[in-house]
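Visitor: Could you walk me through this one? I'd like the cut-offs along with the values.

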Amino acid sequence: MQFLKWNSIKNVRKPSDVASTDYEKAQHLDYWVVTEKVDGANIGLNFDKDGNFLISSRTQLLGPGAEFYDINNQLPAICDLICGFRSLARTGIFGDQITLHGE
């Protein structure tokens, strides 16, 4: 399974909070992606073409059973999502791998 590191999410604040050129740049964008940061954890679910999956942090694949922000205890809550993407991965429609990044 191939791992591709993804960028951290910028925290754009009003200039009164922090001097931010990112805030100034953001004012001129037509398209925004707004996310909510939860407990500082960035999680990736990486599915191969056989439907197997590994969890990743923003910087690396994590081995089976790895403890990362208690993710293993949270997997049952997203079981339907995992099962759905396992099925999609097996169709091969997205190539050899599907990776979901989230927080």
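Guide: Sure, let's start with a term: buried means under 20% relative accessible area, exposed means over 50%, and partly exposed is in between, using a 1.4 Å probe and protein chains only. This is a predicted model, where local features need pLDDT of at least 70, side-chain atom pairs count only at pLDDT 80 or more, and totals for chains, interfaces and linings use all residues. Residues are numbered from 1 along each chain as its sequence is written, and side-chain values use heavy atoms, with hydrogens and water left out.

Visitor: Is Ser56 buried or exposed?

Guide: Ser56 lies in strand E2, residues 53–56; strands are DSSP runs of at least two E residues and helices of at least four H or I, numbered from the N terminus. Ser56 has a relative accessible area of 0%, so the word for Ser56 is buried.

Visitor: Which rings make up the aromatic cluster?

Guide: Rings of Phe, Tyr and Trp (its six-membered ring) pair if their centres lie within 6.5 Å; planes under 30 degrees apart are stacked, over 60 edge-to-face, the rest tilted. By this rule there are 2 aromatic pairs. The rings of Phe47 and Phe53 have centres 5.5 Å apart and planes at 35 degrees, so that pair is tilted, while Phe47 and Phe85 are stacked at 6.2 Å and 25 degrees. The cluster is therefore Phe47, Phe53 and Phe85.

Visitor: How many residues apart in sequence are the parts tied together by Phe47 and Phe85?

Guide: Phe47 sits in strand E1 (residues 43–48) and Phe85 in helix H3 (residues 79–91). The pair therefore ties together parts whose separation in sequence is 38 residues.
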